[in-house]
Amino acid sequence: TLLGDPQRRKKYYNSEKEMYVFNRNRVLFEWVLFFYQSNGDLYIPKTMPADLIERDLTFFGILTSDGGTSKRNSPYEVVAEKVQTPVEQPITMKEKLFKIVSVPYSSTASTIWALLDVTLILTSIIAFTIETEPEFEKLMDSLEGKNVANILFYIDAVCVSFFSIDLTIKFMTCPNRIDFFKELLNWCDMIAVGPFYIQLITFMFNGDVHLPSLFILRLGRVVRLFKLVRRIPALTMVMNIIVSSHRELAMLAVLWFMFVYMSAALMFFLENMNSDSEMFRTMFHSLWWSVVTMGTVGYGDIYPNEASGKVAGVFVVFGSTIFLTLPMTVIVSKFNDVYDDIKEQEDLDNRDFTNMTLREKIIHVQSRDTDSP
């Protein structure tokens, strides 16, 4: 290389200043110098254009002019060390099962498993909805002469059996059992199947699964909808965007609560200033009116009677529109930024490094090696 060859670098020596002078990018030269100080570790500045990096690396001889790999410390070797994937080891049966149940659409088996899971999720939700309709039960009894409750129970039993097998395989094949319980979607899977087994145990001892105390457990079946987040990539992306935008969403929630409470308090005192109001008897009634009004729903069950209250209601309606619109622009912008970052990371992860040109390799390292010194 240029710095490693005394004869080649001799012509760049300034005898007056007693120093070597290279007419090159100063920031990038610090990384070139670090290449020698670290005995061959090349780090690519994220902000540097790929053309500039390629030109200066060629100038200093770290990269040959034809882009070959004849040099011992060629960036083809150095960059590849930073981004190339390790040699794949044989996949064990445990790892295969984990990918099938946890990484949807990564193989034919995982695709079939994911589609079957989605089908049973939708089936269980439809069965739960039909179960609440008495007329449908009467219709089935008159046509088939069978108890619809038993048919729906068998359908739910099949769905829960599959969900239980899926959950068990995830738990038995996961690399870290502690991380398994830290994931929110795994708790949703457990809540989705838990009520069925509780009702089944109750039926074995009491002979009745429709006890009033167990009615609330039926709500757990609705949690099965969250299982779709794991199976549909678009929903997974939306969930990641929401998690990444939690600060902006928290800001919107705080601002919305402040405006709701202030408008409710104002309406309560205006309506009860002269006499006790039948509509706004307590602050809870006022808060309900404020929430409905700010949501532009307007049920009409609570409304102001005083002239001052009606005037205040007009300002609340128009103010709520502006109040929700201003923070929404910040949230939408954040959503777009996070969405672009996720898509860009997916594209980088799917790139084939072995077929990249030098320019593409440099850009690839710039995008991924963000923790370089």
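This is a short tour of one pocket and three helix pairs in a predicted model.

Before you click, note that residues are numbered from 1 along each chain as its sequence is written, and that local features need pLDDT of at least 70, side-chain atom pairs count only at pLDDT 80 or more, and totals for chains, interfaces and linings use all residues. Side-chain values use heavy atoms, with hydrogens and water left out.

**Stop 1: the pocket**

Select Ser102, Glu183, Leu185, Arg230 and Thr236. Of the 23 residues lining the second largest pocket, these sit closest to its centre. The pocket holds about 450 Å³ of space. (On a 1 Å grid over the protein atoms alone, a pocket is an open set of points where a 1.4 Å probe fits, with protein on both sides within 12 Å along at least five of seven lines; lining residues have an atom within 4 Å of a point. The volume is the space filled by probe spheres set on the points.)

Now colour α12 (233-244). Which helix gives the most to this lining? That's α12, with five residues. (Helices are DSSP runs of H or I, at least four residues.) Other elements giving two or more residues include α5 (93-102) and α10 (184-206). By class, the lining has 13 nonpolar, five polar and five charged residues. (Ala, Val, Leu, Ile, Met, Phe, Trp, Tyr, Cys and Pro count as nonpolar, Asp, Glu, Lys and Arg as charged, and the others, Gly among them, as polar.)

**Stop 2: α5 and α6**

Keep α5 and add α6 (residues 108-131): they pack at an angle of about 40°, with axes 7 Å apart. (Axes are lines fitted to C-alpha atoms over the stretch in contact, and angles run from 0 to 180 degrees between N-to-C directions.) The pair is therefore oblique. (Under 35 degrees is roughly parallel, over 145 roughly antiparallel, 65 to 115 roughly perpendicular, the rest oblique.) Lys99, Ile100 and Val101 of α5 make the contact with Ala109, Ser110 and Trp113 of α6. (Contact means heavy atoms within 4.5 Å.)

**Stop 3: α12 and α13**

Go back to α12 and show α13 (residues 246-271) too. Their axes come within 5 Å and cross at roughly 65°, so the two are roughly perpendicular to each other. Pick out Ile242, Val243 and Ser244 in α12, which meet His246, Glu248 and Leu249 in α13.

**Stop 4: α13 and α14**

Last, add α14 (residues 283-294). Its axis and that of α13 come within 8 Å and cross at roughly 125°, so this pair is oblique. Show the side chains: among those meeting here are Trp256 and Phe259 in α13, and Leu287 and Trp289 in α14. How many charged residues does this contact have? None: the contact has 13 nonpolar and three polar residues.
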